[in-house]
Amino acid sequence: MRDELTFYATGARPDLAKEMGFIGGKLPLHHGPAEGEEGLHKNLALLHTMRERVGDDFWLMYDCWMSLDVNYATRLAHKAWEQSG
């Protein structure tokens with residue numbers, strides 16, 4: 001038995017999830033490999049905006065529900081990491 005459970009939320013507004021008391025938010029990935037560099041930059045811009053809204057102490061994740069190829073997923077991960085530092 002536990003006195004408390006810890007949850008993260010999946011949705012387009014991780015900032016609202018934080019306000020509701022969740023420990024993190026899983027942000028749907030809106031743009032995939034077919035949209036090339038423009039889509040990649042849009043994904044990173046939204047990630048940056050949400051990171052500013054929720055702060056560094058909040059888990060912020062991507063929900064990669066669409067098919068990503070290895071190259072795109074790797075580039076997205078590296079650029080997201082660079083952006084965080």
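**Exercise 1. A salt bridge within helix 2**

Glutamate 38 and lysine 42 both lie in helix 2, 4 residues apart, which is about one turn of the helix. The model is a predicted one. Determine how the two side chains meet and how accessible each residue is.

*Solution.*

Step 1. The side chains of glutamate 38 and lysine 42 form a salt bridge, with an N to O distance of 3.3 Å. The criterion is a side-chain nitrogen of Lys or Arg within 4 Å of a carboxyl oxygen of Asp or Glu, so the pair at 3.3 Å qualifies.

Step 2. Glutamate 38 has a relative accessible area of 55%. Exposed means over 50%, so glutamate 38 is exposed.

Step 3. For lysine 42 the relative accessible area is 40%. Values between the limits of 20% and 50% are called partly exposed, and lysine 42 therefore falls in that class.

**Exercise 2. The network around aspartate 15**

Which residues do shared salt-bridge partners join into one network with Asp15? Work through the pairs, then the surroundings of aspartate 15.

*Solution.*

Step 1. Salt bridges that share partners link Arg13, Asp15 and Arg53 into one network. The whole model has 5 salt bridges by the rule used.

Step 2. In the pair of arginine 13 and aspartate 15, the closest N and O atoms of the salt bridge are 2.8 Å apart. The two side chains are also joined by a polar contact of 2.8 Å.

Step 3. Arginine 53 forms a salt bridge with aspartate 15 as well, the closest N and O atoms being 3.5 Å apart. This pair links distant parts of the chain: arginine 53 belongs to helix 2, aspartate 15 to helix 1 (residues 14–19), and they are 38 residues apart.

Step 4. Aspartate 15 has 9% relative accessibility; buried means under 20%, so aspartate 15 counts as buried. Arginine 13, at 40%, is partly exposed, and arginine 53, at 47%, is also partly exposed.

Step 5. Leaving out residues up to four places away in sequence, aspartate 15 touches Met50, Arg53 and Val54.

**Exercise 3. The sheet and helix 2**

In what order do the 3 strands of the sheet lie, and is the pairing parallel or antiparallel? Then place helix 2 relative to the sheet.

*Solution.*

Step 1. The 3 strands make an open sheet in the order 1-2-3, with parallel pairing. Strand 1 (8–10) and strand 3 (59–63) are the edge strands, each pairing on one side only. From one strand to the next, the twist averages 20°.

Step 2. Strand 2 (residues 24–28) pairs with strand 3 over 5 bridges in the parallel sense. As an example of register, leucine 27 has tyrosine 62 in strand 3 as its bridge partner.

Step 3. Helix 2 (residues 36–54) packs on the sheet and touches strand 2 and strand 3. The direction of helix 2 makes about 155° with that of strand 3.

**Exercise 4. Helix 2 against helix 3**

Describe the crossing of helix 2 and helix 3 by distance, angle and hand, then list the residues that meet.

*Solution.*

Step 1. The axes of helix 2 and helix 3 (residues 70–84) come within 10 Å and cross at roughly 40°.

Step 2. The crossing of these two helices is right-handed.

Step 3. On the helix 2 side, the contact residues are Gly36, Glu37, Gly39, Leu40, Asn43, Leu44, Leu47 and His48. They meet Tyr72, Arg75, Leu76, Lys79, Ala80 and Gln83 in helix 3.

Methods. Residues numbered from 1 in each chain as written. Predicted model: local features only at pLDDT ≥ 70, side-chain atom pairs only at ≥ 80, totals over all residues. Heavy atoms only, no water. Pairing = 2+ DSSP bridges. Axes fitted to C-alpha atoms, helices over the stretch in contact; angles between N-to-C directions. Contact = heavy atoms within 4.5 Å. Buried < 20%, exposed > 50% of the residue type's maximum accessible area, 1.4 Å probe, protein only. Polar contact = N/O pair within 3.5 Å; in protein donor to acceptor, adjacent residues only side chain to side chain. Left-handed = near helix turned anticlockwise from the far one by under 90°.
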